Amino acid sequence: MPTPLPPPTVEGARHGHVEPTEFETFCAREHARLARALSLALDNRELGRDAAAEALTRAFERWDEVRLHANLTGWAYRVGLNWGRSRLRRRRREVSVVLVPERPRPAPEIDDGVARALARLSTDHRAVVVGRYYLDWSEADVAAALDIPPGTVKSRLSRALAQLEQHLEHDDA
């Protein structure tokens, strides 16, 4: 978990050097990773970027409250994931005239085969896999970030990994 950020220094301000705010530092450190994680979890690069931006906007609006969370990235991940899921549900309700939907390319730094296998999982299963293995969170951290019981994380991970294994074996055949 990230350590609290130091406050700006008076000495730095006297010399014309203004330290970035705590929120700016958080964004600089976590935005790209959060966007990639959400792109993977939502199986859509653009939606993942938008979800990360939305989560960080909401964090900024309530920073005095949000900054007190033990896992700021976990909070932003859950907010972005919920926002992205909501957008996906709205899209499914819309009538589409496109016969062949265009799939965005997989998020960077992920093997194409793994990205294709992840895309076959449900959003709930992708969310726990991405949190656990892409973001490298413990099962407890994933549970806290997604606001689900640790047992649910374990069972979803177990099912998701079994499905991933099947998908990867099938792709290799």
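This section describes the fold, the aromatic pairs and selected residues of a predicted model.

The protein contains nine helices and zero strands. Along the sequence, the pattern is α-α-α-α-α-α-α-α-α. Of its 173 residues, 39% count as buried. Contacts across long stretches of sequence are well represented. Among contacts with a separation of 6 or more, 70% join residues 24 or more positions apart.

Four aromatic pairs are present in the structure. In one of them, the ring centres of Phe26 and Trp63 are 5.7 Å apart, and the planes meet at 35 degrees, so the pair is classed as tilted. An angle under 30 degrees would count as stacked and one over 60 as edge-to-face. Phe26 belongs to helix α2 (residues 22–42) and Trp63 to helix α4 (residues 63–66), so this pair ties together parts that are 37 residues apart in sequence. Both partners are buried. Phe26 has a relative accessible area of 1%. For Trp63 the value is 11%. Both values fall under the 20% limit for a buried residue.

A further pair is formed by Tyr77 and Trp137. Their ring centres lie 5.4 Å apart and their planes stand at 85 degrees, so the geometry is edge-to-face. This pair also links distant parts of the chain. Tyr77 sits in helix α5 (residues 72–93), whereas Trp137 sits in the loop between α7 and α8 (139–146), and 60 residues separate the two. Tyr77 and Trp137 are both buried.

Ring pairs also build a cluster. Its members are Phe23, Phe26, Phe60 and Trp63. The tilted pair of Phe26 and Trp63 thus falls within this cluster. Another ring has a charged partner. The charged end of Arg132 sits over the ring of Tyr133, at 5.4 Å from the ring centre.

Helix α7 comes next. Its buried residues are Thr123, His125, Arg126, Ala127, Val128, Val129, Val130 and Gly131. Arg126 carries a charge in this buried set. The helix that holds Arg126 spans residues 123–134. Arg126 is buried but has no salt bridge. Asp43 is the nearest side chain of opposite charge, at 4.8 Å. A salt bridge requires a nitrogen–oxygen distance within 4 Å, so the separation of 4.8 Å does not qualify. Leaving out residues up to four places away in sequence, Arg126 touches Leu40, Ala41, Leu42, Asp43, Tyr77, Leu118, Ala119 and Leu121. Tyr77, one of these contacts, is also the partner of Trp137 in the edge-to-face pair.

Helix α9 (residues 150–172) contains His167. The side chain of His167 makes a polar contact of 3.5 Å with the side chain of Arg120. Beyond its neighbours within four places in sequence, His167 is in contact with Ala117, Arg120 and Leu121. Leu121 is thus listed among the contacts of His167 and also among those of Arg126.

Val153 lies in helix α9 as well. Val153 is buried, with a relative accessible area of 0%. With residues up to four places away in sequence set aside, Val153 touches Glu139, Val142, Ala143 and Ile148. For Val153 and Ala143, 10 residues apart along the chain, the C-alpha atoms are separated by 6.1 Å.

Two loop residues have an uncommon backbone angle. Most residues other than glycine have a negative phi. Asp136 departs from this pattern, with a positive phi near 60 degrees. Asp136 comes just after α7 and is placed in the loop between α7 and α8. At 61% relative accessibility, over the 50% limit, Asp136 counts as exposed. Asp147 likewise takes a positive phi of about 60 degrees without being a glycine. Asp147 is located in the loop between α8 and α9. Asp147 counts as exposed, with a relative accessibility of 61%.

Definitions and conventions. Residues are numbered from 1 along each chain as its sequence is written. This is a predicted model: local features need pLDDT of at least 70, side-chain atom pairs count only at pLDDT 80 or more; totals for chains, interfaces and linings use all residues. Side-chain values use heavy atoms; hydrogens and water are left out. Helices (H or I, at least four residues) and strands (E, at least two) are DSSP runs, numbered from the N terminus. A polar contact is a pair of N or O atoms within 3.5 Å; within protein, one must be able to donate a hydrogen and the other to accept it, and residues adjacent in sequence count only if both atoms are side-chain atoms. Contact means heavy atoms within 4.5 Å. Buried means under 20% relative accessible area, exposed over 50%, partly exposed in between (1.4 Å probe, protein chains only). Lys and Arg count as positive and Asp and Glu as negative; His and the chain ends are not counted. Rings of Phe, Tyr and Trp (its six-membered ring) pair if their centres lie within 6.5 Å; planes under 30 degrees apart count as stacked, over 60 as edge-to-face and the rest as tilted. A charge sits over a ring if NZ of Lys or CZ of Arg is within 6 Å of the ring centre and within 35 degrees of the ring normal.
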